[in-house]
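Biologist: Got a minute to go through this one with me? I'd like to start with the helices and then wander a bit.

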Amino acid sequence: MKANVIEDLCIGCESCADICPDVFEMRDELAVCRFDEDIPEEFEDACREAAESCPVEAIEIEE
Ligand code: SF4
């Protein structure tokens with residue numbers, strides 16, 4: 001599974017980084033995914049939860 005933050009949509013609310021800090025971190029007030037390639041399996045559920053929590057649907061998930 002891969003995740004990507006659409007930079008133009010992110011409003012920097014930090015929700016994803018709070019819910020899933022293993023995958024998302026804040027850089028220059030925007031969220032970024034720590035992994036370019038597949039996310040480790042143990043983080044997948046939290047990553048999906050973070051994507052669902054995003055108020056502007058800025059997190060793309062590729063299964
Ligand atoms: S939850 Fe969405 S809007 Fe908030 S920081 Fe993460 S990607 Fe950006």
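Modeller: Sure, let's take it piece by piece; keep in mind that this is a predicted model.

Biologist: Which residues of H2 are buried?

Modeller: In H2, which covers residues 44–53, those are Cys47, Ala50 and Ala51. They span an arc of only 100° around the axis, which puts them on the same side of H2.

Biologist: Why would residues three or four places apart point the same way?

Modeller: That's general helix geometry: an α-helix has 3.6 residues a turn, so such residues end up pointing the same way.

Biologist: And what's exposed on the other side of H2?

Modeller: Asp45, Glu49 and Glu52 are exposed there.

Biologist: OK, what covers the buried residues of H2?

Modeller: The cover includes helix H1 (15–19) along with three strands: E1 (2–5), E2 (24–27) and E4 (59–62).

Biologist: How many residues are in the largest nonpolar core?

Modeller: It has 13 residues, and those with the most contacts inside it are Cys16, Val23, Cys47, Ala50 and Ile59. H2 supplies the largest share of this core, with three residues.

Biologist: Tell me about Ile59. What is it in contact with, leaving aside neighbours within four places in sequence?

Modeller: Ile59 is in contact with Ala3, Val5, Cys16, Ala50, Ala51 and Cys54.

Biologist: Switching to the ligand: which residues come nearest?

Modeller: Of the 13 residues around the ligand, the nearest are Cys10, Cys13, Cys16, Ala31 and Cys54.

Biologist: And how do the residues of that shell divide?

Modeller: There are 10 nonpolar, two polar and one charged in the shell around the ligand.

Biologist: Now the strands. How many bridges join E2 to E3?

Modeller: Four, and the two strands run antiparallel, with E3 at residues 30–33. One of the pairs is Arg27 with Leu30 in E3. The hairpin of E2 and E3 has two residues between the strands, and Asp28 takes a positive phi near 50° there.

Biologist: Where is Glu25, by the way?

Modeller: Glu25 sits in strand E2.

Biologist: Is Glu25 buried, exposed or partly exposed?

Modeller: Partly exposed, because 14 other C-beta atoms lie within 10 Å, and buried would need 20 or more. Leaving aside neighbours within four places in sequence, Glu25 is in contact with Ala17, Val32 and Arg34.

Biologist: How far apart are Glu25 and Ala58?

Modeller: C-alpha to C-alpha, Glu25 and Ala58 are 14 Å apart in space, with their positions 33 residues apart in sequence numbering.

Definitions and conventions
Residues are numbered from 1 along each chain as its sequence is written. This is a predicted model: local features need pLDDT of at least 70, side-chain atom pairs count only at pLDDT 80 or more; totals for chains, interfaces and linings use all residues. A residue is buried if 20 or more other C-beta atoms lie within 10 Å of its own, exposed if 12 or fewer, and partly exposed in between; C-beta atoms are placed from the backbone. The arc is that of the directions from the helix axis to the C-beta atoms. Two residues are in contact if their C-beta atoms, placed from the backbone, lie within 7 Å. A residue is near a molecule or strand if its C-beta atom, placed from the backbone, lies within 6 Å of it. Ala, Val, Leu, Ile, Met, Phe, Trp, Tyr, Cys and Pro count as nonpolar, Asp, Glu, Lys and Arg as charged, and the others, Gly among them, as polar. Two strands pair if DSSP finds at least two bridges between them. A nonpolar core is a set of buried Ala, Val, Leu, Ile, Met, Phe, Trp, Tyr and Cys residues joined through C-beta atoms within 7 Å.
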